[in-house]
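Here are my notes for someone opening this model for the first time. Keep the structure beside you and take the points in order.

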Amino acid sequence: MPLLEVEGLRVAYGKIEAVKGISFGVEAGEVVTLIGTNGAGKTTTLRTLSGLLKPLAGKITFDGQVLNGVPAHKIVAMGLAHSPEGRRIFPRLSIEENLALGAFLRKDTAAVDGDLQRVYELFPILSERRAQAAGTLSGGEQQMLAMGRALMSRPKLLMLDEPSMGLSPIMMQKIMSTIAELKAGGTTILLVEQNAQAALSLADHGHVMEIGRISLSGTGQELMHDESVRKAYLGED
Amino acid sequence: MHDLPDQLTNGLALGALYGLIAIGYTMVYGIVQLINFAHGEIFMIGGFGALTAYLWLPDGTGLTLALPLMLLLGVVCATLVAVGAERFAYRPLRGGPRLSPLITAIGLSLALQQAVWAFYPDAKKARPFPQFQGGDFDLGFVTLSREDLFIFIAAPVCMIALALFVAKTRTGRAMQATSQDPDTAKLMGINTDRIIVLAFAIGGAFAAIAAVAQGFKTGEVQFRMGFIAGLKAFTAAVLGGIGNIYGAMIGGLVLGVAEAMAIAYVGDIPGMEQFGGGSWKDVWAFILLILVLLLRPQGLLGERLADRA
Ligand SMILES: Nc1ncnc2c1ncn2[C@@H]1O[C@H](COP(=O)(O)OP(=O)(O)OP(=O)(O)O)[C@@H](O)[C@H]1O
Ligand SMILES: [Mg+2]
């Protein structure tokens, strides 16, 4: 039984169906990536998994429990953390307060302190700026904060929505190598990316989304060598 | 009465009262971007709650004894009404068109006025509110009335308690997060519905305290007292930068002082004699509001909307 199982998920904004029946799973310990063009429905999928959007149909099972109908604020407690698209850090709170909010529901204060140190080790720049308002950070630093904040809940599954969006190549490298580091440490990750090359090289499994559907699935390696993927997403003719 | 320190004191007391009410507008707006136009009536309910507590007590109970009970019942009534309004009038409309809660607020205001009227059939005429016994304190440079002293104690206590709560407690941090980005706050595990209820509750409690203060100041409560007070406090909230709790208090103080100064001194300006005195005070308050909206629409402490992520 996979850690996360999505079956026949459909999600609509009013009359517009953005996700039109997708199924996929994530096994504990693996990195799964959803790639696809703008508007494919990747963010919609993640927001539905987090309970921010209500599905039209389909079933979401996480860690043996059905997530349908569970309010968003209870889902993180079940072990599903979400680093949202566009980072969405709390700009007028300090870095440390942002990180503390990531552990909002945790009662194990000693372990939370340990995790805070771990995040600071992962991203030393955050440690240096811990008292600074998060809104003053650069885009890349904000991305680190968003990831660190999600990690602070000590999730069973970490969902990252376009962590490399809008970053310089160097910053993108840094973020991707952090994801690799987390993977090596055993963190289960569902990664949404437009940077297909980077995502597929990290992922155990990948799914290509096109206008609300999964058009192709395979291991990261398979997809990276697939003719159509190379054409559409890796910029080759 | 034209003595500057006395006028300033008067203005600051009035302003602190506006500021306390304005907190309710600004907190709710900061979290759900909703102007609770029934907040003036919640203030009024607080006043009647306090009066009811006083009337329950045996005749001739001194205010020192009665005051805690009056505050308690006023706060309980106003808070319950505020929370009920959120739960039953505003929450069902959340996510709908912007205009619906506004219309609901008008209906709710009228309903609350009528409800009080039903309990107090002569509430229209104004009910006498208990008064402090004993004279003013003469501090040399200024005389301080007992009513004003009450406000000068109550307002800072409320403000400091709120500021500490928001900045230092876990729930306060959750409140800030919800106001900055409600969806992401949910991702942190914050029950944002509860935070919204809390914002209404705090606003209701502060409004009730302000209503007691106004009862002392004017010597009466009546079922329409929420209208002008609410409008003034809303002005204060906008003046200070809506969404900002410190702005609400500062906006209140600026408004109160401006009003007191205008009442006392405008009539002394040659050619402006007919505009002096109390009858024009509301006009000055709203002229100030219009000026701020024209010159600094984000308010004194507000950020430009572009700065809000
Ligand atoms: N709040 C919304 N209201 C209406 N339609 C929306 C909303 N959010 C997204 N959509 C639509 O749903 C579809 C899927 O959007 P979604 O954001 O899930 O795509 P995405 O794969 O994450 O794209 P991107 O790579 O650009 O982030 C798009 O057609 C989009 O226009
Ligand atoms: Mg997206």
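1. Start at the magnesium ion (ligand 2), bearing in mind that this is a predicted model. Which protein atoms serve as donors of the magnesium ion? They are OG1 of A:Thr43 and an OE atom of A:Glu85, at 1.9 to 2.2 Å from the ion. A:Thr43 sits in helix α1 (residues 42-49) of chain A, while A:Glu85 belongs to the loop between β6 (80-83) and α3 (95-102), so the pair ties together parts that are 42 residues apart in sequence.

2. Are those two donors buried or exposed? A:Thr43 has a relative accessibility of 19% and counts as buried, because the cut-off for that label is under 20%. A:Glu85, with 32%, is partly exposed.

3. Now look at where the two chains meet. Chain A brings 20 residues to the contact and chain B brings 22. Between them the chains bury about 2000 Å², with 61% of that on carbon and sulfur atoms. Have a look at B:Gln180, B:Leu187 and B:Met188 here: they supply 34% of the area that chain B buries against chain A, more than any other three residues.

4. The same boundary has its share of charged and polar pairs. Three salt bridges are found across the interface of chain B and chain A. There are also five residue pairs in polar contact across it, both residues being at pLDDT 80 or more. On the chain B side, α6 (170-180) and α7 (182-187) each supply at least two of the residues that touch chain A. Which element gives the most to that side? That would be α6(B), with seven residues. By type, the chain B side divides into eight nonpolar, six polar and eight charged residues.

5. B:Asp183 deserves a point of its own. Across the interface, B:Asp183 forms a salt bridge with A:Arg47, and the closest N and O atoms are 2.6 Å apart. Within chain B, B:Asp183 also forms a salt bridge with B:Lys186, here with 3.8 Å between the closest N and O atoms. B:Asp183 and B:Lys186 are both in helix α7 of chain B, three residues apart, or about one turn of the helix. Both are partly exposed: B:Asp183 has a relative accessible area of 22%, and B:Lys186 comes in at 26%.

6. Some general background on such pairs: side chains of opposite charge can pair when their charged atoms come close. Over all chains, a search of the whole structure finds 18 salt bridges. One of them joins B:Arg94 to B:Asp193, with 2.7 Å between the closest N and O atoms. This pair links distant parts of the chain, 99 residues apart: B:Arg94 is in the loop between α3 (63-90) and α4 (99-119) of chain B, and B:Asp193 is in helix α8 (residues 192-218). B:Arg94 is partly exposed at 36% relative accessibility, and B:Asp193 is partly exposed at 29%.

7. Another link to helix α8 is worth a look. B:Asp148 and B:Lys217 meet through their side chains in a salt bridge of 2.9 Å, N to O. The two are 69 residues apart, B:Asp148 in helix α5 (residues 146-168) of chain B and B:Lys217 in helix α8 of chain B. Their surroundings can be compared by accessibility: B:Asp148 is buried at 7%, whereas B:Lys217 is partly exposed at 27%.

8. For a buried spot in chain B, try B:Ala248 in helix α10 (residues 245-265). Its relative accessible area is 0%. Neighbours within four places in sequence aside, B:Ala248 is in contact with B:Gly19, B:Ala22, B:Ile23, B:Thr26, B:Ala236 and B:Ala237. How far apart are B:Ala248 and B:Gly271 in space? Their C-alpha atoms are 34 Å apart, with the two positions 23 residues apart in sequence terms.

9. Finish back in chain A with A:Thr61, which is found in strand β4 (residues 57-62). A:Thr61 is buried, with a relative accessible area of 7%. Beyond its neighbours within four places in sequence, A:Thr61 is in contact with A:Met1, A:Leu3, A:Leu4, A:Glu5, A:Glu7 and A:Val66.

Methods
Residues are numbered from 1 along each chain as its sequence is written. Chains are lettered from A and ligands numbered from 1 in the order in which they are written. This is a predicted model: local features need pLDDT of at least 70, side-chain atom pairs count only at pLDDT 80 or more; totals for chains, interfaces and linings use all residues. Side-chain values use heavy atoms; hydrogens and water are left out. Donors are N, O and S atoms within 2.8 Å of the metal (3.2 Å for Na, K and Ca); water is not among the atoms, so sites may look incomplete. Helices (H or I, at least four residues) and strands (E, at least two) are DSSP runs, numbered from the N terminus. Buried means under 20% relative accessible area, exposed over 50%, partly exposed in between (1.4 Å probe, protein chains only). Contact means heavy atoms within 4.5 Å. Buried area is the accessible area (1.4 Å probe) that two parts lose on being put together, summed over both. A salt bridge is a side-chain nitrogen of Lys or Arg within 4 Å of a carboxyl oxygen of Asp or Glu. A polar contact is a pair of N or O atoms within 3.5 Å; within protein, one must be able to donate a hydrogen and the other to accept it, and residues adjacent in sequence count only if both atoms are side-chain atoms. Ala, Val, Leu, Ile, Met, Phe, Trp, Tyr, Cys and Pro count as nonpolar, Asp, Glu, Lys and Arg as charged, and the others, Gly among them, as polar.
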